[in-house]
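Here are some exercises to work through with the model open beside you. Try each task before reading its solution.

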Amino acid sequence: MLWSAALLLPALLPHAPRPRLLSRPRARPALLREPSLTERLFLTLPREAQTGGAGGQSTYESLLALEARWARLRAGETRPPPALVDDACSATASGRAVQYDVAVAGGNIGVLLAAALAARGLRVAVVEAGELRGREQDWNASRKEVEELVRLGVLRAEEAERIVAIEFNPVRCGFVGGEDVWLRDVLNVGVRPTDLIGAARERLESLGGEVIERARLERVEVRADGVVLRAGGREICARLLLDCMGQASPIVAQARQGELPDGVCVVVGSCASGYSPEQNTYGDVIFSDSTTTPTGASACDTQYFWEAFPASSGPTDRTTYLFTYMDLAPNRPSVLEIMNDYWRMLPAYQGVELDALQLQRILFGLFVSYKSSPLPPAFDRILQVGDASGIQSPLSFGGFGAITRHLGRLTDAIAEAIAADCLRKEQLRAINPYQPNLRAAWLFQAAMRPPATGAAWGADGRFISRVLVATFETMEARGAAVMTPFLQDVLRVDGLILTIGGLMVSSPLVALEIFARLGPLPILDWFVHFLAMCIYSALAAEPARTAATRIAGLLPPASGFALRRQVEAWQFGCGFDYTPSEERPLDAASLERARSAADRVRAKANTA
């Protein structure tokens with residue numbers, strides 16, 4: 001294509017100085033069209049920032065590939081997935097020696113689970129299509145998620161401190177028409193993926209595990225005595241295959257058979273230097289400075305949200321994301337249109353001019369979600385883990401945080417499945433069970449996603465802002481015990497009752513408006529899953545959970561495995577796995593600095 005030649009320029013001039021964002025593009029032949037702003041900004045990226053590692057690529061070509069995928073989804077196109085898995089001979093032995101207990105396909109997140117399993121004494125191999133390395137982009141998490149890696153033996157305590165590249169407080173939530181809500185210890189830790197993945201790999205290999213790099217999965221045969229992987233020109237035989245290849249997993253595509261997602265979150269953003277050091281001391285977990293507005297060539301109603309964090313690469317470096325929730329209506333805006341809005345809206349949001357910034361990375365992603373999640377295993381001896389399983393809620397992006405919450409549960413369950421030989425798909429389904437709180441979260445996405453046609457909700461673009469302002473005011477009044485689990489993607493019955501009950505008392509008109517605009521069917525669907533959450537909460541109470549666990553120890557291995565998985569399903573399905581950290585008040589000086597910085601940005605935006 002015409003832009004492909006332009007993308008080669010940084011490679012031809014590797015030592016050229018980095019231009020400012022809005023610098024004049026290099027001279028081009030008259031026959032070539034003028035590049036878009038987004039194309040020009042990609043030209044300013046350092047070459048090494050455009051590829052590789054956990055998190056994928058950051059090239060204009062990969063952005064266009066994402067755009068094409070989103071266009072196919074909106075058009076309702078489904079392509080027959082390749083038959084990567086062959087289970088036709090699952091009743092026949094392979095005749096090969098089993099080399100590993102567990103093979104993990106997809107190492108950038110899977111290596112964490114692989115190291116935890118190796119620490120339990122299992123023989124583990126990680127198969128990675130490319131090179132197993134993290135990219136230079138912080139993963140934002142909370143301290144407790146890093147501490148979980150230490151508890152499970154993935155990291156030593158000193159390694160956990162080394163992978164934490166930056167820590168900051170406070171963090172903000174805010175919406176048009178309301179006051180900012182300031183919190184601490186939520187997504188306030190920036191983890192270095194390069195150091196994390198490197199440390200987990202070192203731990204795995206020290207325990208006898210193996211990492212097989214540059215080995216793209218070509219074929220998987222399910223046999224009676226194991227699963228045989230063909231990857232990178234070699235055969236690997238294991239008792240169980242863990243699919244950690246994310247939402248784009250070819251095994252997931254084969255299992256879902258072209259099923260279209262029920263929801264999509266498009267995320268675009270960048271990491272750049274040039275922000276004010278005084279401002280760059282706090283993060284935004286979810287923030288919106290605009291109401292629902294017509295977007296793109298189709299003028300489809302869209303509600304944008306921001307997320308932003310200080311970056312570990314320097315005191316003026318900041319990562320900012322713009323995201324929006326959508327369904328697959330054909331008139332939803334394209335990724336390129338959303339990216340254009342990001343560049344247009346960023347100066348007012350951050351109080352900085354584009355040409356004052358130097359880009360380090362441009363970020364983008366399309367995160368799909370299915371109501372039929374977690375995905376039940378479709379084949380014997382193959383289990384989806386992390387984003388591949390759909391374990392993340394429709395409100396979150398998944399990734400690092402989605403797997404750390406379940407890492408202990410998965411480690412126990414997989415080790416027990418191997419020991420008890422519970423590797424048929426019917427048995428493995430107990431590891432990815434129905435979780436009512438995951439399904440209940442769909443109502444919240446529905447309330448944050450305007451209909452594709454404005455006529456459905458009328459001309460008022462402030463409905464979503466009113467709902468979020470009233471909801472967050474209610475949660476703030478109920479304290480961190482209600483607010484923090486919700487922001488960390490954990491829905492609990494007590495939190496929902498306090499929030500919804502408080503909303504009906506403090507903002508009854510908003511509560512009635514939610515019922516009127518969303519309609520009875522989404523409300524009824526939510527109520528069914530909320531009722532299941534209540535039942536799970538009763539079953540997962542400490543006495544019942546303890547009794548069931550004791551009974552499981554008296555049963556035969558397969559029956560004990562099934563009962564323990566059911567207990568975990570109750571526990572995680574109602575959010576009882578969440579253990580709150582010690583609540584600490586915000587530092588007054590840090591809070592005052594953050595509020596002053598936010599006020600200065602608002603004043604500058606209003607003046608402009």
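A residue is called buried when its relative accessible area is under 20%. Keep that cut-off at hand, and keep in mind that this is a predicted model.

**Exercise 1. A strand and its partners**

Task: Work out how many residues of strand S13 are buried, and find which strands pair with S13.

Solution:
- Step 1. Go through residues 263–273, which make up strand S13, and apply the cut-off: 11 of the 11 residues are buried, so the strand is largely enclosed by the rest of the structure.
- Step 2. Sort the residues by direction. Gly263, Cys265, Val267, Gly269, Cys271 and Ser273 point one way, while Val264, Val266, Val268, Ser270 and Ala272 point the other way, and all are buried.
- Step 3. Look for the partners. Strand S19 (residues 358–369) runs antiparallel to S13 and is joined to it by 11 bridges; here Gly269 stands opposite Leu363.
- Step 4. Strand S18 also pairs with S13 in the antiparallel sense, over 10 bridges, and Ser270 faces Thr320 there.

**Exercise 2. A threonine in S18**

Task: Determine whether Thr324 is buried or exposed, and list what Thr324 touches beyond its neighbours within four places in sequence.

Solution:
- Step 1. Place the residue: Thr324 belongs to strand S18.
- Step 2. Check its accessibility. The relative value is 0%, so Thr324 counts as buried.
- Step 3. Collect the contacts. Val264, Cys265, Val266, Thr302, Gln303, Tyr304 and Ile338 are in contact with Thr324.
- Step 4. Look for a polar partner: a polar atom of the Thr324 side chain lies 2.8 Å from the backbone oxygen of Gln303.

**Exercise 3. A serine in a loop**

Task: Locate Ser334 and find which side chain makes a polar contact with the side chain of Ser334.

Solution:
- Step 1. Ser334 sits in the loop between strand S18 (317–326) and helix H10 (335–350).
- Step 2. Its relative accessibility is 12%, so Ser334 counts as buried.
- Step 3. Beyond neighbours within four places in sequence, Ser334 is in contact with Glu67, Trp70 and Arg74. With Glu67 there is a side-chain polar contact of 3.4 Å.
- Step 4. Now try a C-alpha distance: Thr295 is 39 residues from Ser334 along the chain, and their C-alpha atoms are 9.4 Å apart.

**Exercise 4. Counting disulfides**

Task: Find how many disulfides the model has, taking sulfur pairs within 2.5 Å as the test.

Solution:
- Step 1. Recall the chemistry: a disulfide is a covalent bond between the sulfur atoms of two cysteines.
- Step 2. Apply the test, and the count comes to zero. For Cys237, the nearest cysteine sulfur is that of Cys89, 14 Å away.
- Step 3. Try Cys300: the closest cysteine sulfur, in Cys265, is 15 Å away, which is too far for a bond.
- Step 4. Compare each accessibility with the cut-off: Cys237 is buried at 2%, and Cys300 is buried at 0%.

**Exercise 5. The nonpolar cores**

Task: Identify the residues with the most contacts inside the largest nonpolar core.

Solution:
- Step 1. This core has 53 residues, and those with the most contacts inside it are Val154, Leu196, Leu204, Leu242, Phe400 and Ile414.
- Step 2. Helix H11 (residues 400–420) supplies the largest share of this core, 10 residues.
- Step 3. Zoom in on Leu196. Outside its neighbours within four places in sequence, its contacts include Leu112, Trp139, Leu149 and Phe400.
- Step 4. Finally, find a second, separate core of 51 residues, with Phe305, Ala446, Leu491 and Val493 among them.

How values were computed: Residues are numbered from 1 along each chain as its sequence is written. This is a predicted model: local features need pLDDT of at least 70, side-chain atom pairs count only at pLDDT 80 or more; totals for chains, interfaces and linings use all residues. Side-chain values use heavy atoms; hydrogens and water are left out. Buried means under 20% relative accessible area, exposed over 50%, partly exposed in between (1.4 Å probe, protein chains only). Helices (H or I, at least four residues) and strands (E, at least two) are DSSP runs, numbered from the N terminus. Contact means heavy atoms within 4.5 Å. A polar contact is a pair of N or O atoms within 3.5 Å; within protein, one must be able to donate a hydrogen and the other to accept it, and residues adjacent in sequence count only if both atoms are side-chain atoms. A nonpolar core is a set of buried Ala, Val, Leu, Ile, Met, Phe, Trp, Tyr and Cys residues joined through side-chain atoms within 4.5 Å. Two strands pair if DSSP finds at least two bridges between them.
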